[in-house]
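Colleague: Could you take a close look at how the helices pack against each other here? I would like to know which residues make the contacts.

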Amino acid sequence: MTTLPLADTPAAPGNRVNLLGLTRMQMEQFFLDIGEKKFRAQQVLKWIHHAGVTRIEDMSNLGRALRVKLLEIAEVRPPEIASQQDSSDGTRKWAIRVEGGGLVETVLIPAGNRATLCVSSQVGCSLDCSFCSTGKQGFQRDLTAAEIIGQVWLAIKSYDAFGPGRNRVVSNVVMMGMGEPLLNFDNVVAAMDLMLEDLAYGLSKRRVTLSTSGVVPALDRLAGVSEVSLAVSLHAPNDELRNQLVPINRKYPIAVLLESCRNYMAAQSDKSRVPTIEYTLISGVNDRVEHARELVELLRDFPCKVNLIPFNTFAQSGYRRPSGNAVQRFWQVLVDAGYIVTVRTTRGDDIDAACGQLVGQVVDRTRRSERHRAADDTQIISVG
Ligand code: SAH
Ligand code: SF4
């Protein structure tokens, strides 16, 4: 590999385009706009996302003149890692410092021959679900496409795994970190494009999942532009209860949301795919057998999988995690009704990496001592 001397790098970083967040189409347009050939986009995408190279100087097949030109106007700038923590169970969590202040978190959860990366889409969240620590934080800002795809890039980089092995480090992505992805539509769609793009990460559409609390107009829009898998945060079997837990339900009630999900699935070329219904079980709130029966009724004509998430506590949440027995009883009702049901196991517990806890360690370092966890963690199964 030939490299340019560092002296070619301009001293002051101006308003350079961050190439990390450009989709294939955007990258092609970028090169056309600067009077270069379109195929340069393919070369640069591969350098960034296949090889993990950020120094334009090192992109040896671009030719010296082009590299000098690019150094003036562009850069490849991944987000900055504020901290990295490893759990005893293999889960790794990063706190990422974003420009303008604020932190978001990214979690990598290895399980067998899969490794699922849980990616954030916003700093905070405006939707204020009553059981979510990100919601309690309020909304600060949307992440850029570079900051979203940069989380995938950083995870692979941290294992020094760029090259053909990169998809062993990140085999699946779930948009289930901080923020509501559909409220940051364009940047999330661009980042997911790169996850699926062969010149970038090349993940199959089944291995990239967007989770939403139900922003119906945006979900309707997504159907026309994306083929990723869908997870919907339902959490209640009726509108009255869901209004309390997921306030956006007052705007887009359950029937409207389920119809939008149907339309999303109908727009997919592969008709065998079904959405995942996420249901966070909160002790005494939505975890009774009657709730499970009502859920069975609600979903009777709605093909789906169900993912139960025992509530993860955080300071001042005011909610409790259900016992393993309560989870088991709820699960049984759904299984008896013929559903495929997984119970999300708590991973990375010693580093506060579980769903809905992501910002806990950052804003409240005392919560670990206050936590009351159910002693009998549930047995079963997957993440995402
Ligand atoms: N904003 C999106 C995606 C991020 S949250 C959404 O709401 O779907 C990912 C999942 O974790 C959602 O189903 C969310 O409701 C759930 N969750 C949030 N806080 C939680 C908590 N404290 N315990 C368990 N699950 C939680
Ligand atoms: Fe936002 Fe999702 Fe948390 Fe609700 S559960 S506040 S939509 S991040």
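Modeller: What follows goes through two helix pairs and then the surroundings of one ligand. Bear in mind that this is a predicted model.

Take the pair H1 and H2 to begin with. Helix H1 covers residues 24-33 and helix H2 covers residues 40-50. Their axes lie 8 Å apart, and the packing angle is about 125 degrees. Angles over 145 degrees count as roughly antiparallel and those from 65 to 115 as roughly perpendicular, so H1 is oblique to H2. The crossing of H1 past H2 is right-handed. On the H1 side the contact is made by Arg24, Met27, Glu28 and Phe31, and on the H2 side by Arg40, Ala41, Val44 and Leu45. By class, 5 of these contact residues are nonpolar, 3 are charged and none is polar.

The other pair is H5, residues 145-158, with H7, residues 185-196. Here the angle is about 35 degrees, and the axes are 8 Å apart. H5 passes H7 in a right-handed crossing. H5 contributes Ala145, Ile148, Ile149 and Val152 to the contact, while H7 contributes Asn187, Val188, Ala190, Ala191, Leu194 and Met195. This contact has 9 nonpolar residues, 1 polar residue and no charged ones.

As for the ligand, the residues around ligand 2 include Cys125, Cys129 and Cys132, as well as Asp128 and Glu180. Also in that shell are Leu127, Thr134, Gly135, Gly179, Ser213 and Ser233. Sorted by class, the shell around ligand 2 holds 4 nonpolar, 5 polar and 2 charged residues.

How values were computed. Residues numbered from 1 in each chain as written. Chains lettered and ligands numbered in written order. Predicted model: local features only at pLDDT ≥ 70, side-chain atom pairs only at ≥ 80, totals over all residues. Near = placed C-beta within 6 Å. Nonpolar A, V, L, I, M, F, W, Y, C, P; charged D, E, K, R; others polar. Axes fitted to C-alpha atoms, helices over the stretch in contact; angles between N-to-C directions. Helix = DSSP H or I, 4+ residues; strand = E, 2+ residues; numbered from the N terminus. Left-handed = near helix turned anticlockwise from the far one by under 90°. Contact = placed C-beta atoms within 7 Å. Parallel < 35°, antiparallel > 145°, perpendicular 65-115°, else oblique.
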